[in-house]
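This note is offered to a colleague who is meeting the structure for the first time. Please keep the sequence and the 3D view at hand while reading.

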Amino acid sequence: MNKSDYRAKYKDLRATLSAENCDDKSLAIANNLLQLDIWDFEFYHLFLSIEKLKEINTEYILNILSGKDKNIVLSKSDFKSASMTHYLLTDSTLLKTNAWGIPEPQNGIQMQPEQLDVVFIPLLAFDKRGNRLGYGKGFYDRFLKNCKPSCLKIGLSFFEAEEELPTNIDDIALTHCITPDKIYTF
Ligand SMILES: Nc1nc2c(c(=O)[nH]1)N(C=O)[C@@H](CNc1ccc(C(=O)N[C@@H](CCC(=O)O)C(=O)O)cc1)CN2
Ligand SMILES: Nc1ncnc2c1ncn2[C@@H]1O[C@H](COP(=O)(O)OP(=O)(O)OP(=O)(O)O)[C@@H](O)[C@H]1O
């Protein structure tokens with residue numbers, strides 16, 4: 001199977017999940033995250049979910065982070081350049097859902113990728129080596145390339161690992177992946 005075959009497979013799999021099922025699994029993922037030794041850092045980058053694509057609901061993780069008084073960083077996506085600009089989430093941050101259904105900060109204190117300690121990463125599929133497959137625009141590969149080497153790259157997935165996914169040269173591997181049932185460390 002090539003990358004687009006795997007994308008189709010996981011889009012179909014997601015489509016079979018009910019809203020309630022998505023929510024239960026999202027909560028289980030957030031609970032599993034609590035077992036990881038990742039909570040002593042300062043800056044955590046999070047994605048906000050595209051609801052219509054049945055992405056993991058990251059609100060549970062958002063609540064954990066704010067409960068622990070962590071700095072939370074969100075991104076705004078530029079689909080022309082497939083690049084993201086990063087902003088600190090504050091009480092005055094305005095969120096607006098863009099044309100692709102991604103809630104985004106409108107403005108605020110800009111952050112550089114080098115400042116991030118932990119990045120939570122959306123994905124369609126991942127494999128036992130930590131390779132990740134996204135929607136295919138390369139947003140996260142471009143972003144992660146600019147993060148510091150010690151930055152933790154934590155994938156979140158409703159489904160378990162594939163044996164091996166096809167990769168290209170630009171792909172950046174995960175350091176961890178969390179599913180409702182398992183914690184993978186690569
Ligand atoms: N929540 C979230 N934010 C993210 C990502 C993500 O995967 N999830 N991305 C990760 O890189 C980037 C955005 N990537 C995207 C790439 C393509 C589409 C898109 O084509 N959506 C179409 C059809 C989707 C489909 O084929 O099923 C649509 O909304 O109609 C959306 C987001 C940056 N921010
Ligand atoms: N650092 C980079 N510089 C330039 N092009 C890149 C870079 N990273 C990825 N690309 C290009 O972006 C395209 C999509 O990459 P890929 O298929 O790996 O996306 P993906 O990881 O599945 O998607 P996403 O990161 O958006 O969730 C490819 O053509 C790839 O060559």
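The numbered points below take up the strands, the cysteines and the two ligands in turn.

1. Status of the model. The structure is a predicted model, and the remarks that follow should be read with that in mind.

2. Strands β2 and β3. Strand β2 covers residues 71-78 and strand β3 covers residues 83-88; the two run antiparallel and are joined by six bridges. Within this pairing, S77 has M84 of β3 as its bridge partner. The hairpin that β2 and β3 form has four residues between the strands, and A82 there adopts a positive phi near 50°.

3. Strands β3 and β6. Strand β3 is also paired with strand β6, residues 110-111, through two bridges, and this arrangement is again antiparallel. H86 is bridged to M111 in β6.

4. Cysteines. Which cysteine sulfur is nearest to that of C147, and does a bond or no bond result? The nearest is the sulfur of C151, 4.4 Å away, and C147 is in no disulfide. Because a disulfide requires sulfur atoms within 2.5 Å, the 4.4 Å between the sulfurs of C151 and C147 is too far for a bond. The count of disulfides is accordingly zero. As to their surroundings, C147 has a relative accessibility of 10% and therefore counts as buried; C151, at 1%, also counts as buried, because the cut-off for that term is under 20%.

5. Ligand 1. Ligand 1 has 17 residues around it, and K11, L48, K52, E55 and Y135 come nearest. Three of these residues may be examined individually. K11 places a polar side-chain atom 2.6 Å from an oxygen atom of the ligand. K52 likewise has a polar side-chain atom 3.2 Å from an oxygen atom of ligand 1. L48 instead approaches through its backbone, with an N or O atom 2.7 Å from a nitrogen atom of ligand 1. The protein buries 79% of the 690 Å² that ligand 1 exposes when taken alone.

6. Ligand 2. Which residues are closest to ligand 2? Of the 17 that surround this ligand, they are R7, R132, G134, D141 and D171. D141 has a polar side-chain atom 2.9 Å from an oxygen atom of ligand 2. A polar side-chain atom of K3 lies 3.4 Å from a ligand 2 oxygen, while G136 uses a backbone N or O atom, at 3.0 Å from an oxygen atom of ligand 2. Taken alone, ligand 2 exposes 650 Å², of which the protein buries 76%.

Conventions: Residues are numbered from 1 along each chain as its sequence is written. Chains are lettered from A and ligands numbered from 1 in the order in which they are written. This is a predicted model: local features need pLDDT of at least 70, side-chain atom pairs count only at pLDDT 80 or more; totals for chains, interfaces and linings use all residues. Side-chain values use heavy atoms; hydrogens and water are left out. Two strands pair if DSSP finds at least two bridges between them. Buried means under 20% relative accessible area, exposed over 50%, partly exposed in between (1.4 Å probe, protein chains only). A residue is near a molecule or strand if one of its heavy atoms lies within 4 Å of it. A polar contact is a pair of N or O atoms within 3.5 Å; within protein, one must be able to donate a hydrogen and the other to accept it, and residues adjacent in sequence count only if both atoms are side-chain atoms. Accessible areas come from the Shrake-Rupley method with a 1.4 Å probe; for residues, only the protein chains shown count as cover.
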